[in-house]
Structure formats: structure tokens, C-alpha cells
Amino acid sequence: MRMTMFERLGLPGRFSVDPAAVEREYLARSRAVHPDFHSLATPDQQAASLEETAALNEAYLTLKDPFRRAEYLLRLLGGPTAQQEKNLDQAFLMEMMDFRERIEEAGDDRTRAELEGELTDRLARIVTELGECFAAESPNLLAVRKRLNAAKTLQSLLRELRAERVM
């Protein structure tokens, strides 16, 4: 059986993880398997070191980001993929239409910064909601997928807003 990313970093397989623990476990494990420490090893051992380092890097990048961690955990639990479930709640869609209009009407950097703050706060609420969904005895995987779809929409709006602020 293949090791999960949680196991690879010695962490519990749940959504709520301590970011400092993710960092600490990654650094400790990567020191042990990093190719620089195996330069005198056999070619097979060096190749294994490279593979383990790549797997650790992937686990770290996935588990340190709450949305990537949620996607991964949803996949482990057999939940729907983004391709299988594309729907968003009607109320959320209306909220996003409102944000988009406000972004288009925003004429100054201060207003854009305020909108960026609101979108960032909304993303933080989704992280909280994801934690609540995953903490349930029987997680509603469809609800998790919908929140992840919503997060992607918010992240896209934030990227657009930030790109316009840079121009």
C-alpha cells in the first residue's frame, strides 16, 4: 500500500493540522533523505533519495496549503472531483457577481485594497467551513467539494483584482 502524504510527514490524516508541525516535520525528514547527504551512496540509493525528496516536497506543498490539503483529503475519502461536481450554491454565485461588479466599479487603490481584504476574509471563512465539514463524524463530501469550488472562484477573483492593481 502506498504511503499517504500525511504519513510521509508523520502527521494525522485530517484537515486540521498545525502549519508549524508541517514545516517542522518536512525539514526534519528532508534533511534525512536529501541527495546532498547521499553523494557517496550507490546510484540506486541516490535515485531512491531523489524519489523520496520529490515525494516529501510534494507532500509539503500539498499539506501546507489548506485548499490543496482539502483537495487531497477529499480524494483520499473518495469524494467528488471538480470535474464531477461543478455546481456552486446560488447565493454564492450572487455574492460573486456582486464582488465582480464592485471590482469593475472600483476606481482607486484604496477601494481595491478593501475589496482584496474582503475576498481574503471570505477565503478564510471557507477554510473554517472546510475544517468544520471534515471534523464531522461523517463528512459531507459534496459540501466539501462545493466549498472547494467556491474557493477556486474566490482565488480567481483575487488574482484578477491583484493583476489590475499592478497595472
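Here are legends for several close-up views of a predicted model.

The usual small print applies to every view: residues are numbered from 1 along each chain as its sequence is written, and side-chain values use heavy atoms, with hydrogens and water left out. Because this is a predicted model, local features need pLDDT of at least 70 and side-chain atom pairs count only at pLDDT 80 or more, while totals for chains, interfaces and linings use all residues.

**View 1. The largest nonpolar core and its best-connected leucines.** This core has 42 residues, and Leu9, Leu63, Leu119 and Leu130 touch the most other members. A nonpolar core here is a set of buried Ala, Val, Leu, Ile, Met, Phe, Trp, Tyr and Cys residues joined through side-chain atoms within 4.5 Å. Buried means under 20% relative accessible area, exposed over 50%, and partly exposed in between (1.4 Å probe, protein chains only). Two or more residues come from each of α1 (5-8), α2 (19-33), α3 (43-64), α4 (66-76), α5 (90-105), α6 (109-135) and α7 (141-166). The largest share, ten residues, belongs to α7. Helices (H or I, at least four residues) and strands (E, at least two) are DSSP runs, numbered from the N terminus. As a rule of thumb, nonpolar side chains in soluble globular proteins tend to be buried together.

**View 2. Leu130 and Ala70, two residues in contact.** Contact means heavy atoms within 4.5 Å. Setting aside neighbours within four places in sequence, Leu130 is in contact with Phe15, Phe67, Ala70, Val144, Arg147 and Leu148. Ala70 sits in helix α4 and is buried, with a relative accessible area of 0%. With the same neighbours-within-four-places rule, the contacts of Ala70 are Phe15, Leu130, Phe134 and Leu148. For a sense of scale, Ala70 and Ala32 are 38 residues apart in sequence and 27 Å apart in space, C-alpha to C-alpha.

**View 3. Leu74, further along α4.** Leu74 is another residue of helix α4, and it counts as buried because its relative accessibility is 1%. Apart from neighbours within four places in sequence, Leu74 is in contact with Gly79, Pro80, Phe134, Leu141, Val144, Arg145 and Leu148. Asn140 is 66 residues away along the chain, yet its C-alpha atom and that of Leu74 are separated by 10 Å.

**View 4. Helix α3 from end to end.** At 1.5 Å a residue, the 22 residues of α3 should span 32 Å, and its end C-alpha atoms are 31 Å apart, which agrees. That expected span is 1.5 Å times one less than the number of residues in the helix. The buried residues of α3 are Ser49, Thr53, Ala55, Leu56, Ala59, Tyr60, Thr62 and Leu63. Their cover includes α1, α2 and α4.

**View 5. α2 packed against α3.** These helices pack at an angle of about 175°, with their axes 10 Å apart, so α2 and α3 are roughly antiparallel to each other. On the α2 side are Val22, Glu23, Tyr26, Arg29, Ser30 and Val33, which meet Ser49, Glu52, Thr53, Leu56, Asn57, Tyr60, Leu63 and Lys64 in α3. It's a mixed bag: six nonpolar, four polar and four charged residues. For that tally, Ala, Val, Leu, Ile, Met, Phe, Trp, Tyr, Cys and Pro count as nonpolar, Asp, Glu, Lys and Arg as charged, and the others, Gly among them, as polar. Axes are lines fitted to C-alpha atoms, for helices over the stretch in contact, and angles run from 0 to 180 degrees between N-to-C directions. Angles under 35 degrees count as roughly parallel, over 145 as roughly antiparallel, 65 to 115 as roughly perpendicular and the rest as oblique.

**View 6. α3 meeting α4.** Here the packing angle is about 105°, with the axes of α3 and α4 5 Å apart. That makes α3 roughly perpendicular to α4. Leu61, Thr62, Leu63 and Lys64 of α3 make the contact with Pro66, Arg68, Arg69 and Tyr72 of α4. Sorted by type, the residues of this contact are four nonpolar, one polar and three charged.

**View 7. Arg122, a buried arginine.** Arg122 is placed in helix α6 and counts as buried at 11% relative accessibility. Beyond its neighbours within four places in sequence, Arg122 is in contact with Phe92, Glu95, Glu129 and Leu154.
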